[in-house]
Each structure stands twice: as structure tokens, then as C-alpha cells.
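Biologist: I would like to learn how to read a structure step by step, beginning with single residues and ending with the whole chain. Could we take the features in turn, with the general idea before each case?

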Amino acid sequence: MEELEVELERARDLDVSELADAIEAIGFECTRCGACCKSEDDDPHTATVFPDEVRELEDATDRDWREIARPMPYGLDEDGTGETFEWALQTAACGDCTFYEEDEDGTGACTVHDSRPLICETYPFSVALGGTSQPMGEAVDEAGMVRAHECEGLGRDISREDAESLAAALKERAVRDIEEAIAVRDNYEPTNPGPDETVVHDSEGAKRPDGTAYEG
């Protein structure tokens with residue numbers, strides 16, 4: 001059995017109650033500061049999104065694929081061409097997530113909160129398993145398998161109900177992360193994009209930036 005398959009079994013065996021215990025021990029309450037949705041040090045916001053999550057957002061909004069997701073910039077040339085292996089949520093001109101907005105007093109909000117991707121739903125937590133995507137930055141706290149990343153909401157009281165809900169989403173994301181990685185590996189076929197082309201290899205194969213299949 002290959003390493004990713006081993007990690008997938010570990011993810012599927014995660015105990016939601018134990019994850020919730022860890023989240024309670026760390027503590028968390030969203031303050032709606034918007035830091036996890038905004039650009040940082042002039043670097044555009046980057047959050048991994050799965051292909052089916054893009055389609056869910058298409059159904060929930062009047063936006064098309066390119067308005068929702070962009071090729072993950074890591075590995076691409078400076079002009080955005082080349083090959084990469086993930087999708088990221090699209091950003092506005094300022095570098096913030098395109099779905100983020102603030103009211104007059106600076107309180108942040110997600111305009112697609114009920115349809116937000118798992119990485120947004122579970123921030124600032126991750127699970128210490130190989131093959132899972134991690135929020136940007138080193139972990140600043142940990143308990144058991146749970147890692148907490150920089151967020152001003154850490155250390156605040158959280159109800160057991162909210163901890164369990166967050167833990168269930170965290171387990172789901174861990175499983176989905178590794179399933180996606182396995183599918184990317186299994187469906188990967190080398191491409192030879194032209195100098196002005198961009199190719200994204202995801203769990204469904206090679207795609208163009210608009211989400212359609214890349215056929216060379």
C-alpha cells in the first residue's frame with residue numbers, strides 16, 4: 001500500500017470526538033477580522049478549493065469557473081503560465097478573496113458562507129497527516145492531531161456543539177485532501193503546454209483555467 005493510501009486510512013479512522021477535545025483545549029471563536037480572507041504583505045489570498053466545490057459555488061452564485069477559482073500560482077511562471085496541481089479561490093484586484101466583503105465598521109463577512117469550501121470552514125485548524133493541505137504559516141498551537149494556525153480567535157471559549165461540528169468538517173477535509181491527492185496522482189498525464197498556456201492538473205485530469213478539459 002502506498003504512502004497516500006496509508007494516510008487516507010488514518011484520516012478515515014480519525015475520531016471526531018477526540019478532534020473536538022483538541023479544538024476545545026485550544027479554543028476558538030471567529031472574530032470576523034477577515035485576516036484569513038485577505039491578502040497579506042501584498043501576497044494575494046490563497047485558499048485551496050476542490051473541483052466539486054467550484055461547481056457548488058457556480059450553482060450558488062451567478063459566477064462562472066474563472067470568477068470562482070484560479071490556477072494555484074505555485075509552480076507557475078511569473079506571467080501565470082505553465083503547469084500547477086491545485087485550484088485556489090479567485091481574488092479581487094486588491095488580493096483579497098473575491099467572496100470577502102467588509103461593512104463600514106470593518107467587520108468581515110463571507111458572501112457565500114453557507115457554500116464556502118472546507119478549508120475556509122475549518123480555518124484556522126488542520127490535521128497532522130501527510131497529504132493534507134495546510135493553511136499558510138507555521139502552526140502556533142497544537143493538541144493531539146490538531147494543529148492551530150495564526151488567528152486572533154484562538155484561545156477563546158468554544159461550545160462542545162461547535163467544537164464537534166468543526167471537528168467533523170476537519171475530518172472530512174482531511175479525507176478529501178488525501179482523496180484528491182491520490183486522484184491527481186492516478187489521473188496525471190504529462191502535457192506540453194504552449195508558451196502562453198496554463199494547465200491545472202486536478203483529480204479529474206488536466207484542465208484549462210476556465211475549468212474545461214485540456215487536450216493539448
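Modeller: Let us begin with a cut-off: a residue is called exposed when its relative accessible area is over 50%, buried when that area is under 20%, and partly exposed in between. Please keep in mind throughout that this is a predicted model.

Biologist: With those cut-offs, is Gly144 buried or exposed?

Modeller: Gly144 has a relative accessible area of 65%, and because exposed means over 50%, Gly144 counts as exposed. This glycine sits in the loop between S8 and S9, and its C-alpha atom is separated by 9.4 Å from that of Ile23, although the two residues are 121 apart along the chain.

Biologist: Where does Ile23 itself belong, and which residues of H2 are buried?

Modeller: Ile23 is one of the buried residues of H2, together with Leu19, Ala20, Ala22 and Ile26. Viewed down the axis of H2, these buried residues fall within an arc of 160°, so they line one face of the helix. The general idea behind such a pattern is that an α-helix has 3.6 residues a turn, so residues three or four places apart point the same way.

Biologist: Which residues are exposed on the other side of H2, and what do the buried residues of H2 pack against?

Modeller: On the other side of H2, Glu18 and Ala25 are exposed, whereas the buried residues of H2 pack against S7, strand S8 (139-143), strand S9 (146-149) and helix H6 (160-187).

Biologist: Let us read another helix in the same manner; which residues of H3 are buried?

Modeller: In H3, which covers residues 51-60, the buried residues are Pro51, Glu53, Val54 and Leu57. Seen along the axis of H3, they fall within an arc of 160°, so here too they line one face of the helix.

Biologist: Which residues does Pro117 touch, leaving out those up to four places away in sequence?

Modeller: With those sequence neighbours set aside, Pro117 touches Thr48, Val49, Glu53, Leu57 and Leu89. Glu53 and Leu57 are among the buried residues of H3, and Pro117 is itself buried, with a relative accessible area of 4%. Its place is in the loop between strand S6 (108-110) and H5, while the C-alpha atoms of Pro117 and Asp41, 76 residues apart along the chain, are separated by 24 Å.

Biologist: How should I read Asp64, and where is this residue found?

Modeller: Asp64 is found in the loop between H3 and helix H4 (65-68), and at 41% relative accessibility it counts as partly exposed. Sequence separation and spatial separation are best read side by side: Asp64 and Gly211 are 147 residues apart in sequence, and their C-alpha atoms are 9.3 Å apart in space.

Biologist: What does Ala128 touch, again without residues up to four places away in sequence?

Modeller: Ala128 touches Arg10, Met145 and Arg147. This alanine lies in the loop between S7 and S8, where its relative accessibility of 29% makes it partly exposed.

Biologist: Turning to the backbone, which peptide bond is cis, and what is the phi of Arg32?

Modeller: The peptide bond from Tyr123 to Pro124 is cis, with omega near 15°, and Pro124 is placed in the loop between helix H5 (118-122) and strand S7 (125-127). Arg32, a residue other than glycine, has a positive phi near 60°; it lies in the loop between helix H2 (16-26) and strand S1 (48-49), and at 44% relative accessibility it counts as partly exposed.

Biologist: How many helices and strands does the protein chain have, and how does its radius of gyration fit a compact globule?

Modeller: The protein chain has six helices and 11 strands. A compact globule of 216 residues would have a radius of gyration near 17 Å, and the protein chain has 18 Å, which agrees. Along its principal axes, the C-alpha trace spans about 55 × 50 × 30 Å, and buried residues make up 42% of the 216 residues.

Biologist: What remains to be said about contacts, surface and charge?

Modeller: Among contacts between residues at least 6 apart in sequence, 64% join residues at least 24 apart. The accessible surface comes to about 11600 Å², with 43% of it belonging to carbon and sulfur atoms. Finally, the protein chain has 18 positive and 57 negative side chains, and the centres of the two sets lie 2 Å apart.

How values were computed
Residues are numbered from 1 along each chain as its sequence is written. This is a predicted model: local features need pLDDT of at least 70, side-chain atom pairs count only at pLDDT 80 or more; totals for chains, interfaces and linings use all residues. Side-chain values use heavy atoms; hydrogens and water are left out. Helices (H or I, at least four residues) and strands (E, at least two) are DSSP runs, numbered from the N terminus. Buried means under 20% relative accessible area, exposed over 50%, partly exposed in between (1.4 Å probe, protein chains only). The arc is that of the directions from the helix axis to the C-beta atoms. The radius of gyration is taken over C-alpha atoms; the globule rule is 2.2 Å times the number of residues to the power 0.38. Contact means heavy atoms within 4.5 Å. Accessible areas come from the Shrake-Rupley method with a 1.4 Å probe; for residues, only the protein chains shown count as cover. Lys and Arg count as positive and Asp and Glu as negative; His and the chain ends are not counted. The place of a charge is taken as NZ of Lys, CZ of Arg, CG of Asp or CD of Glu.
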